[in-house]
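Colleague: I would like to learn how to read a sheet and a ligand site. Where should we start?

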Amino acid sequence: MRTKFIIVAGGVISGVGKGVATASIAKILKDYGYKTTCIKIDPYINVDAGTMNPTEHGEVFVTEDGDETDQDIGNYERFLNENILSVNYMTTGRVYLSVIERERRLEYHGKCVEVVPHIPFEVIDRFKKAAEVTKADIVVIEVGGTVGEYQNILFLEAARMLHLQNPEDVLFVLVSYLPVPKNIGEMKTKPTQYATISLNSAGIQPDFIICRAETAIDAVRKAKIATFCNIQPDHVISAPDVETIYDVPLLLEKEGMGKKILDKFGMKPKKNELAKWEKKVEAIKNSTDEVKIGIVGKYFDHGDYVLADSYISVIEAIKHASWSLGVKPVIGWIDAQQVEKDTASLNQYHGIIVPGGFGARGVEGKINAIRFCRENNVPYLGLCYGMQLAVVEFARNVCGMKDAHTTEVNKETHYPVIDMQISQRGVMAQQKYGGTMRLGAYAAALNPGSAVYELYKKCGRLDSDKSQLLKNNLEDFRLGTMKNNVVLERHRHRYEVNPKFIEALEKKGMIFSGSHERADGTKLMEFIELKGKSFFGTQAHPEFKSRVENPAPLFVGLMEGAVKRMRRS
Ligand code: GLN
(Lines give C-alpha, C1' and ligand atoms only; values in the text may rest on other atoms or scores of the structure.)
Protein backbone atom coordinates (compact mmCIF):
# COMPACT_ATOMS: atom_id res chain seq x y z
CA MET A 1 0.00 0.00 0.00
CA ARG A 2 1.28 3.49 -0.85
CA THR A 3 1.28 5.98 2.02
CA LYS A 4 -1.80 8.20 2.11
CA PHE A 5 -1.62 11.87 3.06
CA ILE A 6 -4.40 13.98 4.53
CA ILE A 7 -3.73 17.71 4.48
CA VAL A 8 -5.61 19.75 7.09
CA ALA A 9 -5.83 23.51 6.65
CA GLY A 10 -7.79 26.07 8.64
CA GLY A 11 -10.14 28.75 7.42
CA VAL A 12 -11.79 31.95 8.69
CA ILE A 13 -10.05 32.31 12.09
CA SER A 14 -7.17 30.75 13.95
CA GLY A 15 -7.82 28.72 17.04
CA VAL A 16 -10.75 26.74 15.64
CA GLY A 17 -9.21 23.47 16.74
CA LYS A 18 -7.26 22.37 13.69
CA GLY A 19 -4.79 20.56 15.92
CA VAL A 20 -7.49 18.64 17.73
CA ALA A 21 -9.21 17.87 14.41
CA THR A 22 -5.91 16.60 12.97
CA ALA A 23 -5.23 14.48 16.04
CA SER A 24 -8.81 13.18 16.04
CA ILE A 25 -8.70 12.12 12.39
CA ALA A 26 -5.45 10.26 13.04
CA LYS A 27 -6.94 8.67 16.16
CA ILE A 28 -10.05 7.44 14.33
CA LEU A 29 -8.02 5.94 11.50
CA LYS A 30 -5.65 4.34 13.98
CA ASP A 31 -8.60 2.70 15.69
CA TYR A 32 -9.70 1.39 12.31
CA GLY A 33 -6.46 -0.56 12.30
CA TYR A 34 -4.06 1.68 10.35
CA LYS A 35 -0.70 3.02 11.43
CA THR A 36 -1.17 6.77 11.47
CA THR A 37 0.96 9.74 12.36
CA CYS A 38 0.63 13.53 12.33
CA ILE A 39 2.92 16.28 11.06
CA LYS A 40 2.80 19.90 12.17
CA ILE A 41 3.90 22.75 9.94
CA ASP A 42 4.48 26.12 11.58
CA PRO A 43 4.72 28.97 9.10
CA TYR A 44 7.05 31.25 11.05
CA ILE A 45 10.76 31.89 10.42
CA ASN A 46 11.90 30.63 13.83
CA VAL A 47 13.74 27.35 13.37
CA ASP A 48 11.85 25.98 16.35
CA ALA A 49 9.38 27.24 18.94
CA GLY A 50 12.01 27.38 21.66
CA THR A 51 13.05 30.97 21.13
CA MET A 52 9.56 32.43 21.44
CA ASN A 53 7.84 33.84 24.48
CA PRO A 54 4.95 31.54 25.46
CA THR A 55 2.50 34.45 25.36
CA GLU A 56 3.43 34.87 21.68
CA HIS A 57 3.17 31.28 20.72
CA GLY A 58 1.71 29.20 23.52
CA GLU A 59 3.51 26.32 25.13
CA VAL A 60 6.78 25.01 23.77
CA PHE A 61 6.21 21.29 23.54
CA VAL A 62 9.35 19.16 23.89
CA THR A 63 9.61 15.86 22.04
CA GLU A 64 11.28 12.70 23.28
CA ASP A 65 14.28 13.37 21.01
CA GLY A 66 14.62 16.95 22.23
CA ASP A 67 12.93 19.16 19.65
CA GLU A 68 11.18 22.33 20.83
CA THR A 69 7.93 22.27 18.94
CA ASP A 70 4.38 23.47 18.80
CA GLN A 71 1.72 22.51 21.33
CA ASP A 72 -0.20 20.65 18.64
CA ILE A 73 2.44 17.93 18.71
CA GLY A 74 1.26 17.48 22.30
CA ASN A 75 -2.30 17.00 21.08
CA TYR A 76 -1.15 14.35 18.61
CA GLU A 77 0.70 12.48 21.34
CA ARG A 78 -2.23 12.68 23.72
CA PHE A 79 -4.73 11.41 21.18
CA LEU A 80 -2.53 8.73 19.63
CA ASN A 81 -0.89 7.73 22.93
CA GLU A 82 2.43 7.61 21.07
CA ASN A 83 5.59 9.69 21.01
CA ILE A 84 5.92 11.97 18.01
CA LEU A 85 9.51 12.78 17.10
CA SER A 86 11.28 15.77 15.60
CA VAL A 87 10.97 14.48 12.04
CA ASN A 88 7.23 15.24 12.23
CA TYR A 89 7.71 18.95 12.82
CA MET A 90 8.82 21.76 10.54
CA THR A 91 8.81 25.53 10.35
CA THR A 92 9.44 27.89 7.45
CA GLY A 93 12.81 28.72 9.05
CA ARG A 94 13.77 25.06 9.31
CA VAL A 95 12.85 24.36 5.69
CA TYR A 96 14.73 27.38 4.33
CA LEU A 97 17.73 26.62 6.52
CA SER A 98 18.10 23.14 5.09
CA VAL A 99 17.66 24.33 1.50
CA ILE A 100 20.32 26.99 2.03
CA GLU A 101 22.67 24.53 3.72
CA ARG A 102 22.21 22.10 0.83
CA GLU A 103 22.95 24.86 -1.64
CA ARG A 104 26.20 25.62 0.24
CA ARG A 105 27.15 21.94 -0.08
CA LEU A 106 26.60 22.14 -3.85
CA GLU A 107 23.83 19.58 -3.58
CA TYR A 108 21.79 21.38 -6.24
CA HIS A 109 24.61 20.73 -8.73
CA GLY A 110 24.98 24.25 -10.03
CA LYS A 111 21.26 24.89 -10.52
CA CYS A 112 19.61 28.19 -9.67
CA VAL A 113 17.88 27.46 -6.35
CA GLU A 114 14.47 29.10 -6.25
CA VAL A 115 11.67 29.55 -3.76
CA VAL A 116 9.44 27.58 -6.10
CA PRO A 117 9.94 24.71 -6.67
CA HIS A 118 12.84 24.06 -4.28
CA ILE A 119 11.11 25.05 -1.07
CA PRO A 120 7.96 22.98 -1.75
CA PHE A 121 10.19 20.07 -2.90
CA GLU A 122 12.01 20.21 0.42
CA VAL A 123 8.66 20.24 2.23
CA ILE A 124 7.48 17.19 0.26
CA ASP A 125 10.76 15.41 1.03
CA ARG A 126 10.08 16.04 4.69
CA PHE A 127 6.54 14.64 4.44
CA LYS A 128 7.96 11.49 2.87
CA LYS A 129 10.79 11.22 5.36
CA ALA A 130 8.31 11.35 8.26
CA ALA A 131 6.17 8.70 6.56
CA GLU A 132 9.21 6.50 6.12
CA VAL A 133 10.55 6.92 9.67
CA THR A 134 7.17 6.36 11.30
CA LYS A 135 6.17 3.61 8.83
CA ALA A 136 2.74 5.20 8.76
CA ASP A 137 0.01 4.05 6.39
CA ILE A 138 -1.68 7.40 6.72
CA VAL A 139 0.00 10.73 7.50
CA VAL A 140 -2.22 13.59 8.65
CA ILE A 141 -0.52 16.94 8.03
CA GLU A 142 -1.63 20.12 9.75
CA VAL A 143 -0.75 23.31 7.92
CA GLY A 144 -0.43 26.07 10.52
CA GLY A 145 -2.00 29.46 10.04
CA THR A 146 -5.19 30.26 8.19
CA VAL A 147 -5.81 29.95 4.46
CA GLY A 148 -5.58 33.26 2.64
CA GLU A 149 -2.59 34.51 4.56
CA TYR A 150 0.77 34.91 2.87
CA GLN A 151 2.83 32.88 5.34
CA ASN A 152 1.67 29.36 4.66
CA ILE A 153 1.29 29.61 0.89
CA LEU A 154 4.46 27.60 0.12
CA PHE A 155 3.23 24.76 2.27
CA LEU A 156 -0.09 24.73 0.43
CA GLU A 157 1.92 24.76 -2.78
CA ALA A 158 3.81 21.69 -1.54
CA ALA A 159 0.49 20.00 -0.73
CA ARG A 160 -0.84 20.84 -4.20
CA MET A 161 2.28 19.35 -5.81
CA LEU A 162 2.05 16.23 -3.67
CA HIS A 163 -1.54 15.79 -4.81
CA LEU A 164 -0.49 16.29 -8.42
CA GLN A 165 2.10 13.50 -8.04
CA ASN A 166 -0.44 10.99 -6.66
CA PRO A 167 -4.01 12.26 -6.78
CA GLU A 168 -5.47 9.09 -5.26
CA ASP A 169 -3.19 9.24 -2.24
CA VAL A 170 -3.85 12.78 -1.05
CA LEU A 171 -6.96 14.42 0.30
CA PHE A 172 -7.71 17.82 1.75
CA VAL A 173 -9.68 18.82 4.81
CA LEU A 174 -10.66 22.40 5.56
CA VAL A 175 -11.44 23.14 9.19
CA SER A 176 -13.63 26.20 9.09
CA TYR A 177 -15.59 28.35 11.49
CA LEU A 178 -19.24 29.34 11.18
CA PRO A 179 -20.12 32.37 13.25
CA VAL A 180 -23.59 33.09 14.63
CA PRO A 181 -23.56 36.91 14.96
CA LYS A 182 -25.67 37.90 17.97
CA ASN A 183 -27.66 40.57 16.16
CA ILE A 184 -28.54 38.21 13.30
CA GLY A 185 -29.02 35.03 15.32
CA GLU A 186 -28.28 32.83 12.34
CA MET A 187 -25.29 30.66 11.44
CA LYS A 188 -23.44 32.20 8.51
CA THR A 189 -21.65 30.21 5.82
CA LYS A 190 -20.11 33.01 3.76
CA PRO A 191 -16.73 33.15 5.56
CA THR A 192 -16.38 29.42 4.87
CA GLN A 193 -17.18 30.01 1.21
CA TYR A 194 -14.45 32.64 1.06
CA ALA A 195 -11.98 30.34 2.81
CA THR A 196 -12.73 27.69 0.21
CA ILE A 197 -12.18 30.17 -2.61
CA SER A 198 -8.83 31.04 -1.01
CA LEU A 199 -7.87 27.38 -1.01
CA ASN A 200 -9.07 27.04 -4.60
CA SER A 201 -6.83 29.90 -5.64
CA ALA A 202 -3.91 27.93 -4.21
CA GLY A 203 -4.95 25.13 -6.57
CA ILE A 204 -6.59 23.05 -3.84
CA GLN A 205 -10.13 21.75 -3.67
CA PRO A 206 -11.14 20.52 -0.20
CA ASP A 207 -12.60 17.00 -0.02
CA PHE A 208 -14.07 17.55 3.44
CA ILE A 209 -15.08 20.64 5.37
CA ILE A 210 -15.24 20.36 9.14
CA CYS A 211 -17.68 23.00 10.33
CA ARG A 212 -16.61 24.28 13.71
CA ALA A 213 -19.29 26.34 15.44
CA GLU A 214 -20.97 26.81 18.78
CA THR A 215 -23.77 24.51 17.68
CA ALA A 216 -24.29 21.77 15.12
CA ILE A 217 -24.77 22.86 11.54
CA ASP A 218 -28.25 22.21 10.15
CA ALA A 219 -29.23 20.57 6.86
CA VAL A 220 -29.97 23.86 5.09
CA ARG A 221 -26.48 25.23 5.73
CA LYS A 222 -24.82 21.91 5.00
CA ALA A 223 -26.46 21.93 1.59
CA LYS A 224 -25.38 25.51 1.02
CA ILE A 225 -21.75 24.75 1.81
CA ALA A 226 -21.85 21.65 -0.39
CA THR A 227 -23.16 23.68 -3.33
CA PHE A 228 -20.99 26.76 -3.01
CA CYS A 229 -17.83 25.03 -1.88
CA ASN A 230 -18.23 22.32 -4.47
CA ILE A 231 -18.11 19.24 -2.23
CA GLN A 232 -20.31 16.21 -1.55
CA PRO A 233 -23.06 17.08 0.99
CA ASP A 234 -22.07 14.16 3.23
CA HIS A 235 -18.52 15.50 3.33
CA VAL A 236 -19.68 18.58 5.20
CA ILE A 237 -18.92 17.53 8.78
CA SER A 238 -20.61 19.11 11.75
CA ALA A 239 -18.30 19.85 14.71
CA PRO A 240 -20.00 21.92 17.42
CA ASP A 241 -18.27 22.93 20.67
CA VAL A 242 -17.87 20.07 23.12
CA GLU A 243 -17.27 19.79 26.84
CA THR A 244 -13.92 18.03 26.40
CA ILE A 245 -11.59 17.93 23.39
CA TYR A 246 -11.34 14.16 23.85
CA ASP A 247 -14.92 13.97 22.59
CA VAL A 248 -13.92 15.24 19.14
CA PRO A 249 -12.98 11.85 17.59
CA LEU A 250 -16.40 10.54 18.65
CA LEU A 251 -18.09 13.63 17.28
CA LEU A 252 -16.38 13.24 13.89
CA GLU A 253 -17.23 9.56 13.90
CA LYS A 254 -20.88 10.33 14.49
CA GLU A 255 -20.68 12.01 11.09
CA GLY A 256 -18.96 8.91 9.72
CA MET A 257 -15.82 10.81 8.84
CA GLY A 258 -13.37 7.92 9.34
CA LYS A 259 -15.15 5.54 6.98
CA LYS A 260 -15.72 8.31 4.44
CA ILE A 261 -11.97 9.04 4.39
CA LEU A 262 -11.12 5.35 4.01
CA ASP A 263 -13.72 5.09 1.27
CA LYS A 264 -12.17 7.96 -0.61
CA PHE A 265 -8.78 6.21 -0.43
CA GLY A 266 -10.39 2.92 -1.49
CA MET A 267 -9.57 1.33 1.88
CA LYS A 268 -11.62 -0.68 4.37
CA PRO A 269 -11.59 -0.67 8.20
CA LYS A 270 -9.42 -3.50 9.52
CA LYS A 271 -10.87 -3.33 13.03
CA ASN A 272 -12.77 -0.87 15.18
CA GLU A 273 -11.42 0.07 18.57
CA LEU A 274 -12.97 3.47 19.11
CA ALA A 275 -15.36 1.97 21.69
CA LYS A 276 -12.48 1.92 24.22
CA TRP A 277 -12.01 5.64 23.76
CA GLU A 278 -15.74 6.16 24.10
CA LYS A 279 -15.62 4.49 27.51
CA LYS A 280 -12.82 6.82 28.58
CA VAL A 281 -14.76 9.88 27.48
CA GLU A 282 -17.81 8.56 29.32
CA ALA A 283 -15.70 8.28 32.50
CA ILE A 284 -14.41 11.82 31.97
CA LYS A 285 -17.93 13.15 31.80
CA ASN A 286 -18.89 11.22 34.93
CA SER A 287 -16.08 12.73 37.02
CA THR A 288 -17.98 15.33 39.00
CA ASP A 289 -16.41 15.99 42.44
CA GLU A 290 -14.50 19.23 42.00
CA VAL A 291 -10.89 19.61 43.06
CA LYS A 292 -9.33 23.08 42.87
CA ILE A 293 -5.80 23.31 41.54
CA GLY A 294 -3.94 26.61 41.34
CA ILE A 295 -1.22 27.25 38.79
CA VAL A 296 1.21 29.99 39.77
CA GLY A 297 2.66 31.46 36.61
CA LYS A 298 3.28 34.54 34.58
CA TYR A 299 2.52 33.71 30.97
CA PHE A 300 -1.21 34.42 31.09
CA ASP A 301 -1.86 37.91 29.77
CA HIS A 302 -2.30 38.69 26.12
CA GLY A 303 -3.64 42.20 25.75
CA ASP A 304 -6.93 42.21 27.61
CA TYR A 305 -7.29 38.44 27.50
CA VAL A 306 -6.04 35.64 29.65
CA LEU A 307 -4.67 32.73 27.66
CA ALA A 308 -4.11 29.34 29.17
CA ASP A 309 -2.23 28.15 26.08
CA SER A 310 1.19 28.59 27.68
CA TYR A 311 0.50 25.76 30.09
CA ILE A 312 -1.61 23.46 27.96
CA SER A 313 0.27 20.22 28.74
CA VAL A 314 0.22 21.01 32.46
CA ILE A 315 -3.54 21.52 32.26
CA GLU A 316 -4.08 18.31 30.33
CA ALA A 317 -1.86 16.40 32.76
CA ILE A 318 -3.94 17.70 35.68
CA LYS A 319 -7.07 16.49 33.89
CA HIS A 320 -5.68 13.04 33.09
CA ALA A 321 -4.60 12.45 36.69
CA SER A 322 -7.89 13.79 38.04
CA TRP A 323 -10.00 11.61 35.78
CA SER A 324 -7.96 8.57 36.76
CA LEU A 325 -9.12 9.28 40.33
CA GLY A 326 -12.69 10.01 39.24
CA VAL A 327 -12.63 13.72 40.10
CA LYS A 328 -13.07 16.87 38.06
CA PRO A 329 -10.33 19.51 38.22
CA VAL A 330 -11.14 23.18 38.42
CA ILE A 331 -8.07 25.19 37.52
CA GLY A 332 -7.33 28.63 38.91
CA TRP A 333 -4.74 31.03 37.52
CA ILE A 334 -2.58 32.68 40.10
CA ASP A 335 -0.44 35.58 38.94
CA ALA A 336 2.98 35.09 40.51
CA GLN A 337 3.42 38.83 40.93
CA GLN A 338 0.20 39.02 42.99
CA VAL A 339 1.47 36.37 45.40
CA GLU A 340 4.53 38.50 46.04
CA LYS A 341 2.26 40.68 48.17
CA ASP A 342 -0.16 38.22 49.72
CA THR A 343 -0.56 34.46 49.91
CA ALA A 344 -3.97 34.35 51.64
CA SER A 345 -5.76 33.66 48.37
CA LEU A 346 -3.88 30.35 48.06
CA ASN A 347 -5.75 28.71 50.92
CA GLN A 348 -8.79 28.00 48.76
CA TYR A 349 -6.84 25.55 46.59
CA HIS A 350 -6.59 21.83 47.16
CA GLY A 351 -3.27 21.70 45.36
CA ILE A 352 -0.75 24.12 43.84
CA ILE A 353 1.59 23.81 40.88
CA VAL A 354 4.52 26.04 40.01
CA PRO A 355 5.25 25.12 36.40
CA GLY A 356 8.32 25.73 34.25
CA GLY A 357 9.56 29.26 33.79
CA PHE A 358 12.48 31.56 33.21
CA GLY A 359 13.93 34.74 34.61
CA ALA A 360 13.30 37.02 37.55
CA ARG A 361 9.76 38.31 37.09
CA GLY A 362 7.38 36.81 39.63
CA VAL A 363 10.05 34.61 41.24
CA GLU A 364 9.53 35.89 44.78
CA GLY A 365 5.80 35.25 44.40
CA LYS A 366 6.45 31.68 43.35
CA ILE A 367 8.79 31.18 46.30
CA ASN A 368 6.10 32.62 48.63
CA ALA A 369 3.56 30.20 47.20
CA ILE A 370 5.90 27.25 47.73
CA ARG A 371 6.56 28.31 51.31
CA PHE A 372 2.82 28.57 51.90
CA CYS A 373 2.33 25.02 50.61
CA ARG A 374 5.17 23.57 52.67
CA GLU A 375 4.13 25.27 55.90
CA ASN A 376 0.39 24.67 55.52
CA ASN A 377 0.49 21.18 54.07
CA VAL A 378 -1.09 22.21 50.79
CA PRO A 379 -0.19 19.55 48.19
CA TYR A 380 2.51 20.91 45.91
CA LEU A 381 4.05 19.95 42.60
CA GLY A 382 7.01 21.87 41.19
CA LEU A 383 7.90 21.39 37.55
CA CYS A 384 11.41 22.32 36.47
CA TYR A 385 11.64 25.96 37.66
CA GLY A 386 8.99 25.00 40.22
CA MET A 387 11.34 22.34 41.58
CA GLN A 388 14.37 24.62 41.50
CA LEU A 389 12.49 27.31 43.42
CA ALA A 390 11.29 24.73 45.95
CA VAL A 391 14.96 24.03 46.63
CA VAL A 392 15.63 27.78 46.94
CA GLU A 393 12.71 28.16 49.37
CA PHE A 394 13.87 25.23 51.48
CA ALA A 395 17.44 26.53 51.57
CA ARG A 396 16.29 29.97 52.68
CA ASN A 397 13.62 29.09 55.21
CA VAL A 398 14.65 25.69 56.54
CA CYS A 399 18.42 25.64 56.15
CA GLY A 400 18.86 29.29 57.11
CA MET A 401 20.70 30.18 53.91
CA LYS A 402 19.20 33.61 53.88
CA ASP A 403 19.84 34.91 50.38
CA ALA A 404 19.86 31.48 48.70
CA HIS A 405 18.88 31.71 45.05
CA THR A 406 19.28 30.41 41.56
CA THR A 407 22.11 32.15 39.75
CA GLU A 408 19.66 32.63 36.89
CA VAL A 409 18.22 35.46 39.02
CA ASN A 410 20.97 36.42 41.45
CA LYS A 411 24.58 35.83 40.46
CA GLU A 412 25.91 37.36 43.69
CA THR A 413 24.09 35.11 46.15
CA HIS A 414 26.12 33.50 48.95
CA TYR A 415 24.14 30.30 48.46
CA PRO A 416 23.85 29.46 44.75
CA VAL A 417 21.75 26.36 45.42
CA ILE A 418 20.64 26.31 41.79
CA ASP A 419 23.40 26.93 39.29
CA MET A 420 24.04 26.62 35.58
CA GLN A 421 24.98 23.14 34.35
CA ILE A 422 28.66 23.07 33.49
CA SER A 423 27.87 21.86 29.97
CA GLN A 424 25.76 24.99 29.43
CA ARG A 425 28.40 27.55 30.30
CA GLY A 426 30.33 27.44 27.03
CA VAL A 427 27.11 27.46 25.06
CA MET A 428 25.94 30.62 26.82
CA ALA A 429 29.32 32.33 26.49
CA GLN A 430 28.94 31.96 22.72
CA GLN A 431 25.33 33.20 22.84
CA LYS A 432 24.08 30.04 21.18
CA TYR A 433 20.58 30.26 22.58
CA GLY A 434 18.49 28.33 20.05
CA GLY A 435 17.91 24.64 20.71
CA THR A 436 20.79 24.32 23.18
CA MET A 437 19.15 23.67 26.55
CA ARG A 438 19.28 20.17 28.04
CA LEU A 439 16.40 19.00 25.90
CA GLY A 440 14.31 15.87 25.52
CA ALA A 441 14.13 12.61 27.39
CA TYR A 442 16.78 11.74 29.92
CA ALA A 443 16.64 8.84 32.29
CA ALA A 444 16.68 9.08 36.06
CA ALA A 445 17.19 6.29 38.57
CA LEU A 446 14.70 6.47 41.43
CA ASN A 447 15.56 5.58 44.98
CA PRO A 448 13.46 2.63 46.14
CA GLY A 449 11.42 3.55 49.16
CA SER A 450 10.86 7.15 48.06
CA ALA A 451 7.31 8.35 47.48
CA VAL A 452 8.27 9.27 43.91
CA TYR A 453 9.45 5.71 43.32
CA GLU A 454 6.17 4.35 44.66
CA LEU A 455 4.17 6.65 42.39
CA TYR A 456 6.07 5.64 39.27
CA LYS A 457 5.78 2.00 40.26
CA LYS A 458 2.06 2.26 40.90
CA CYS A 459 1.50 3.94 37.54
CA GLY A 460 3.46 1.22 35.76
CA ARG A 461 6.13 3.61 34.53
CA LEU A 462 9.14 2.18 36.32
CA ASP A 463 11.64 0.76 33.81
CA SER A 464 8.92 0.56 31.19
CA ASP A 465 10.49 3.42 29.33
CA LYS A 466 13.90 1.84 28.98
CA SER A 467 12.89 -0.49 26.20
CA GLN A 468 11.05 2.37 24.55
CA LEU A 469 14.22 4.43 24.70
CA LEU A 470 16.14 1.76 22.89
CA LYS A 471 13.32 1.19 20.44
CA ASN A 472 13.32 4.85 19.51
CA ASN A 473 17.02 4.62 18.75
CA LEU A 474 17.73 7.60 20.94
CA GLU A 475 21.29 8.27 21.90
CA ASP A 476 22.91 6.39 24.78
CA PHE A 477 23.75 9.52 26.74
CA ARG A 478 20.08 9.92 27.48
CA LEU A 479 20.15 6.74 29.50
CA GLY A 480 23.33 7.61 31.40
CA THR A 481 24.99 4.89 33.41
CA MET A 482 21.89 3.78 35.28
CA LYS A 483 20.59 0.26 35.09
CA ASN A 484 17.58 -0.13 37.38
CA ASN A 485 14.53 1.80 38.53
CA VAL A 486 14.90 3.93 35.48
CA VAL A 487 12.24 6.40 34.40
CA LEU A 488 12.40 8.56 31.35
CA GLU A 489 11.04 12.09 31.41
CA ARG A 490 11.54 15.07 29.11
CA HIS A 491 13.58 18.13 29.96
CA ARG A 492 14.15 21.74 28.98
CA HIS A 493 16.55 23.58 31.24
CA ARG A 494 19.98 25.14 31.67
CA TYR A 495 20.24 25.16 35.47
CA GLU A 496 20.36 22.36 38.02
CA VAL A 497 20.58 21.75 41.77
CA ASN A 498 24.13 22.75 42.67
CA PRO A 499 25.84 19.49 43.78
CA LYS A 500 27.79 21.43 46.43
CA PHE A 501 24.63 22.02 48.45
CA ILE A 502 23.02 18.59 48.28
CA GLU A 503 24.40 17.35 51.55
CA ALA A 504 23.37 20.44 53.47
CA LEU A 505 19.86 20.32 52.04
CA GLU A 506 19.54 16.61 52.79
CA LYS A 507 20.65 17.15 56.37
CA LYS A 508 17.67 19.40 56.94
CA GLY A 509 15.22 16.93 55.42
CA MET A 510 15.05 17.54 51.69
CA ILE A 511 14.81 14.18 49.97
CA PHE A 512 16.36 13.76 46.54
CA SER A 513 14.38 10.81 45.26
CA GLY A 514 16.06 10.31 41.93
CA SER A 515 18.95 11.51 39.81
CA HIS A 516 20.55 11.20 36.40
CA GLU A 517 24.08 9.85 36.45
CA ARG A 518 26.11 11.23 33.59
CA ALA A 519 28.79 9.22 31.85
CA ASP A 520 31.47 11.16 33.78
CA GLY A 521 29.97 9.99 37.09
CA THR A 522 28.45 13.34 38.13
CA LYS A 523 24.81 13.38 39.16
CA LEU A 524 22.01 15.72 38.25
CA MET A 525 19.15 15.82 40.77
CA GLU A 526 15.90 14.96 39.03
CA PHE A 527 13.31 14.55 41.81
CA ILE A 528 12.67 15.97 45.26
CA GLU A 529 10.09 15.22 47.95
CA LEU A 530 9.44 16.05 51.60
CA LYS A 531 8.79 13.28 54.07
CA GLY A 532 5.20 12.68 55.01
CA LYS A 533 3.95 15.50 52.80
CA SER A 534 2.27 15.66 49.44
CA PHE A 535 5.18 17.77 48.20
CA PHE A 536 6.99 16.85 45.01
CA GLY A 537 9.29 18.47 42.52
CA THR A 538 11.06 17.39 39.40
CA GLN A 539 13.68 18.87 37.12
CA ALA A 540 11.74 17.29 34.26
CA HIS A 541 8.45 18.11 32.56
CA PRO A 542 6.35 15.00 33.19
CA GLU A 543 3.34 16.85 31.78
CA PHE A 544 4.67 16.17 28.28
CA LYS A 545 4.21 12.44 28.71
CA SER A 546 0.84 12.47 30.39
CA ARG A 547 -1.92 10.79 28.43
CA VAL A 548 -5.59 10.04 29.07
CA GLU A 549 -4.70 6.34 29.20
CA ASN A 550 -1.46 6.88 31.07
CA PRO A 551 -1.43 9.83 33.50
CA ALA A 552 1.87 11.19 34.79
CA PRO A 553 2.78 9.69 38.18
CA LEU A 554 3.67 12.96 39.92
CA PHE A 555 0.40 14.51 38.82
CA VAL A 556 -1.39 11.48 40.23
CA GLY A 557 0.57 12.07 43.45
CA LEU A 558 -0.48 15.72 43.56
CA MET A 559 -4.11 14.90 42.83
CA GLU A 560 -4.24 12.19 45.49
CA GLY A 561 -3.08 14.76 48.02
CA ALA A 562 -5.51 17.33 46.66
CA VAL A 563 -8.47 14.94 46.80
CA LYS A 564 -7.68 14.25 50.47
CA ARG A 565 -7.58 17.96 51.21
CA MET A 566 -10.84 18.47 49.31
CA ARG A 567 -12.59 15.70 51.27
CA ARG A 568 -11.36 17.20 54.54
CA SER A 569 -12.65 20.69 53.75
N1 GLN B 1 14.88 28.55 34.01
C2 GLN B 1 15.19 27.25 34.50
C3 GLN B 1 16.35 26.62 33.77
O4 GLN B 1 16.70 27.03 32.69
C5 GLN B 1 13.97 26.35 34.44
C6 GLN B 1 13.53 26.05 33.05
C7 GLN B 1 12.14 25.51 32.99
O8 GLN B 1 11.37 25.63 33.93
N9 GLN B 1 11.78 24.92 31.87
O10 GLN B 1 16.93 25.68 34.26
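**Reading the sheet and the ligand site**

Modeller: Start with one pair of residues: Thr37 has Val139 in E6 as its bridge partner. Keep in mind that this is a predicted model.

Colleague: Which strands pair there, and over how many bridges?

Modeller: Strand E2 (residues 36-42) pairs with strand E6 (residues 138-146) in the parallel sense, over 6 bridges. Both belong to an open sheet of 7 strands, ordered E5-E2-E6-E1-E7-E8-E9, with parallel pairing.

Colleague: Which strands stand at the edges?

Modeller: An edge strand is read from its partners. Strand E5 (89-91) and strand E9 (236-240) each have a single partner strand, so one side of each has no neighbour in the sheet. On average, neighbouring strands are turned by 20 degrees against each other, direction ignored.

Colleague: Which strands does helix H3 touch?

Modeller: Helix H3 (residues 71-80) packs on the sheet against E2, E5 and E6, and its direction makes about 170 degrees with that of E2. Helix H10 (residues 257-264) lies across several strands, among them E6 and E9, and runs at about 160 degrees to E8.

Colleague: Now the ligand. Which polar side chains should I look at?

Modeller: Look for N or O atoms within 3.5 Å of each other. A nitrogen atom of the ligand is 2.7 Å from a side-chain N or O atom of Glu408, and a ligand nitrogen is 3.2 Å from such an atom of His541. A polar side-chain atom of Gln388 lies 3.1 Å from a ligand oxygen. Taken alone the ligand exposes 300 Å², and the protein buries 98% of that.

Colleague: How do the residues of the shell divide?

Modeller: Into 4 nonpolar, 5 polar and 3 charged. Helix H15 (385-397) and strand E19 (486-493) each supply at least two of the shell residues.

Technical notes
Residues numbered from 1 in each chain as written. Predicted model: local features only at pLDDT ≥ 70, side-chain atom pairs only at ≥ 80, totals over all residues. Heavy atoms only, no water. Polar contact = N/O pair within 3.5 Å; in protein donor to acceptor, adjacent residues only side chain to side chain. Areas by Shrake-Rupley, 256 points an atom, 1.4 Å probe, with all protein chains shown as cover. Helix = DSSP H or I, 4+ residues; strand = E, 2+ residues; numbered from the N terminus. Nonpolar A, V, L, I, M, F, W, Y, C, P; charged D, E, K, R; others polar. Pairing = 2+ DSSP bridges. Axes fitted to C-alpha atoms, helices over the stretch in contact; angles between N-to-C directions. Contact = heavy atoms within 4.5 Å.
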